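Please keep the sequence and the 3D view side by side while reading. The paragraphs below are meant as a guided walk, to be followed with the display turned as needed.

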Amino acid sequence: MKKQILLMIGLASLMMLLTGCTEVSQPITKESTGIWNSYIVYPLSWLIITISELLGNNFGLGIIVVTLLVRFVLLPLMIKQTKNSKAMQALQPEMQKLKEKYPSKDAATQQKLQQETMALFTKYKVNPLAGCFPLIIQMPILIGFYHAISRTREIAEHNFLWFDLGSPDPIYVLPIVAGITTFIQQKITMVGMTSNPQMATQMTMMLYIMPVMIMIFAFNFPAALALYWVVGNIFMIIQTWIIKGPDMKKIAAESAGGAKKK
């Protein structure tokens with residue numbers, strides 16, 4: 001979990017760097033060159049424009065539809081991540097036994113602990129890095145959205161509801177909603193995964209760090225990017241609720257039973 005927090009901060013810093021330094025002032029067109037422009041920014045720009053035109057030149061709705069399309073494409077990966085997280089949680093007792101079996105901090109003992117831990121992951125077909133994959137994939141898409149919005153005149157100059165898509169939300173509603181929905185999404189994800197005290201502490205840190213980071217970015221970035229994040233969060237909340245519904249009902253029932261006994 002510490003590695004995931006560091007990865008999140010590192011990728012967020014990379015996003016800030018790339019959004020500020022990578023041809024952000026140059027219009028994106030079919031003639032734009034480079035792998036980044038040709039395979040990420042221009043396809044996103046073209047897709048947003050095409051769908052928006054089908055929706056009566058409503059670029060706000062176009063961004064919402066494209067966001068949902070991206071989420072549906074990533075859905076199998078996100079489901080796999082959720083199942084992998086549940087499997088990791090189930091392995092916590094056995095991992096704790098290994099730590100008790102190899103308590104020494106010397107290099108040889110720690111190497112043995114690492115070997116047996118990896119053997120445990122292999123036995124139960126669990127990938128400890130699976131939780132990072134969706135983040136690694138989503139970050140280029142998020143940066144690509146920023147470039148597609150900022151470098152496509154039709155999108156940047158369009159207004160939707162009370163805001164201009166290419167400018168920050170003037171009344172800060174979207175950044176606040178982005179932070180709140182990020183918190184809710186993280187909170188639901190944590191259900192059933194906090195039996196390990198150390199993991200619970202680290203996940204609680206992420207629960208509060210992530211929404212604040214998103215809000216800070218959303219205050220300064222185009223409102224269309226905050227719109228993308230809010231829609232994506234709502235999709236993730238519904239998705240996680242469906243996948244983890246049985247676990248949530250079980251925990252709720254156990255909590256209710258414990259309260260009655262008291």
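What follows goes from one helix to aromatic rings, then to charged and polar side chains, and ends with one residue of helix 6.

The model is a predicted one, in which local features need pLDDT of at least 70 and side-chain atom pairs count only at pLDDT 80 or more, while totals for chains, interfaces and linings use all residues. Residues are numbered from 1 along each chain as its sequence is written, and side-chain values use heavy atoms, with hydrogens and water left out.

A good place to begin is helix 5, residues 107-123; helices here are DSSP runs (H or I, at least four residues), numbered from the N terminus. Its 17 residues reach 24 Å from the first C-alpha to the last, close to the 24 Å expected at 1.5 Å a residue, where the expected span is 1.5 Å times one less than the number of residues. Which residues of helix 5 are buried? They are Thr-109, Leu-113, Thr-117, Leu-120 and Phe-121, where buried means under 20% relative accessible area, exposed over 50%, and partly exposed in between (1.4 Å probe, protein chains only). These buried residues lie on the same side of helix 5 because they cover an arc of only 115° around the axis, the arc being that of the directions from the helix axis to the C-beta atoms. An α-helix has 3.6 residues a turn, so residues three or four places apart point the same way. The other side of helix 5 carries the exposed residues Ala-107, Ala-108, Gln-114, Thr-122 and Lys-123. Helix 3 (59-90) and helix 4 (92-101) are among what covers the buried residues of helix 5, and after helix 5 comes Lys-125, with a positive phi near 55°.

Turning to the aromatic rings, a search of the whole structure finds seven pairs, a pair being rings of Phe, Tyr and Trp (its six-membered ring) with centres within 6.5 Å, stacked if the planes are under 30 degrees apart, edge-to-face if over 60 and tilted for the rest. Phe-160 and Phe-163 form an edge-to-face pair, because their ring centres are 6.0 Å apart and their planes stand at 75°. The rings of Trp-162 and Phe-163 are also edge-to-face, with centres 5.1 Å apart and planes at 85°. Phe-163 is buried at a relative accessible area of 2%, whereas Trp-162, at 38%, counts as partly exposed. Elsewhere, ring pairs link Tyr-146, Phe-217 and Phe-221 into a cluster.

The structure holds one salt bridge, defined as a side-chain nitrogen of Lys or Arg within 4 Å of a carboxyl oxygen of Asp or Glu. Its partners are Arg-153 and Glu-157, at 3.7 Å from N to O, and both of these residues are exposed. Arg-151, by contrast, is buried with a relative accessible area of 4%, and its place is in the loop between helix 6 (133-150) and helix 7 (153-156).

Finally, Ile-149 lies in helix 6 and counts as buried because its relative accessibility is 0%. Ile-149 and Val-41 are 108 residues apart in sequence, yet their C-alpha atoms are 9.1 Å apart in space.

Note on methods: Helix = DSSP H or I, 4+ residues; strand = E, 2+ residues; numbered from the N terminus. Contact = heavy atoms within 4.5 Å.
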